[in-house]
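Please look over the chain below. The report that follows covers a helix, the core, two single residues and the confidence of the model.

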Amino acid sequence: MTEQTVVKRSRITRSRSSSTVSTFTETAEGDIIVTTTTNAKTTRRESFSYRALAKFHELPIWQRDNDKILSGYVKETNSFTRCFKSLFYFHNESINVYSHLIPSIIYIAMAMFCFDKLCIKVFPSTSLYDYVFINIFLLGCATCLMFSGCFHCLKQHSEAQSILWSKIDYLGIIVLISCSMISVIYYGYFDHPDMMWSFITMVLVLGTICSLVVTNDTFNQQHWKPVRATFFVMFALSGLIPMLFGIIKFGYLEVLNRICLKFIWLETIFYLLGAIIYGCKLPESILHPGTVDLLGNSHQMFHCMVVLGSICHCKAVIESYNLLHRRFTS
Ligand SMILES: [Zn+2]
């Protein structure tokens, strides 16, 4: 691509660029014709250079997280545009982004458009509470997965954005745990409103405490991270309190029916399996380095387990709803 410009001699400044070549010709009037030739090949290369993926040892310290994943990194972009552009080429966060972004959009669509009509059978006893509590769970799932997808897309922006979005990612997990518990508590204690609201209040209070811990910068420091993890585990395990209380009060078989316990156990297995895979960095810690950099590493497996766990919970909530209203109609 060639371009010619006539300029006064006094306005000429010389510039060096790898993609352009300028030649200067003097006219009889004393003006200078500047002919600029742009090297199209170089320009194209420069416009695609942001796609160049980095190796682990080329990353800034703050971006180094899993030393078993050696390549495929999007290096610090310092640009939201470049982060969003990274959605359109394959790198080692692509699966992490899409494995949560796509289910999140599906959950939102389910809550907004088709869930009521396609997945929920309407009984004469169906009430507004059913819609509210089922949608609380769906939107809790969507929020968690959307925050996670955004975190994995924007974490390569800069250290400050990475810290900010990692907190938002953790908040999303708290929202998912809270909304999952609340939907189950509703169906477990539908005929004991005092207990139902007491347990829902307990979840909201513990969830708020856990959120304050997560968003506090102190707990983001390396030596405080185990404390933060402990808070998470304690919060998740607090879901056992209403369940054990229910087993004592109603008996195991009744709880099994009320909250469709078999799917809750299956959900728990998926979440535990995900936590073990993530914690032990499986399979990258036992395979030849670099084998699962782009596909099949622990974080991706963990994401899949979270999605599978949420599907089990969704099934449990729908079955609980069906069982409850079949009782009223029979
Ligand atoms: Zn993640």
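## Helix α4

How far apart are the end C-alpha atoms of α4, and what span should its 27 residues give at 1.5 Å a residue? The expected span is 39 Å. The end C-alpha atoms lie 38 Å apart, which agrees. This is a predicted model, and the distance is computed from it.

Helix α4 is also largely enclosed by the rest of the structure, because 19 of its 27 residues are buried. It runs from residue 128 to residue 154.

## The nonpolar core

The largest nonpolar core holds 53 residues. Helix α4 is its top contributor, giving 13 residues. Other elements that give two or more residues include α3 (94–119), α5 (159–188) and α6 (193–215). Further along the chain, α7 (225–237), α10 (261–279) and α11 (298–329) also do so.

Six residues have the most contacts inside this core: Tyr107, Phe137, Leu138, Cys141, Ala142 and Ile259. Take Ala142 as an example. Not counting residues up to four places away in sequence, alanine 142 touches Ser104, Tyr107, Ile108 and Ala111. In soluble globular proteins, nonpolar side chains tend to be buried together.

## Arginine 258

Arginine 258 sits in helix α9, which covers residues 252–258. Is this residue buried or exposed? Arginine 258 counts as buried, because it has 20 C-beta neighbours inside 10 Å. The cut-off for buried is 20 or more.

Leaving aside neighbours within four places in sequence, arginine 258 is in contact with Tyr187, Gly188 and Ser320. Tyrosine 321 is 63 residues away from arginine 258 in sequence. In space, their C-alpha atoms are 8.6 Å apart.

## Valine 306

Valine 306 belongs to helix α11. It is buried, since 24 other C-beta atoms lie within 10 Å.

Which distance separates valine 306 from serine 99 in space? The C-alpha to C-alpha distance is 9.8 Å. In sequence, the two residues are 207 residues apart.

## Confidence

The mean pLDDT of the chain is 84. A value of 70 or more is reached by 82% of the residues. Over residues 10–19, the pLDDT is below 50. That stretch has 8 contacts in the model beyond near neighbours in sequence. Residues 40–48 also have a pLDDT below 50. Beyond near neighbours in sequence, this second stretch has 6 contacts in the model.

How values were computed:
Residues numbered from 1 in each chain as written. Predicted model: local features only at pLDDT ≥ 70, side-chain atom pairs only at ≥ 80, totals over all residues. pLDDT = per-residue confidence, 0-100. Contact = placed C-beta atoms within 7 Å. Helix = DSSP H or I, 4+ residues; strand = E, 2+ residues; numbered from the N terminus. Buried ≥ 20, exposed ≤ 12 C-beta atoms within 10 Å, placed from the backbone. Core = buried A, V, L, I, M, F, W, Y, C linked by C-beta atoms within 7 Å. Expected span 1.5 Å × (residues − 1).
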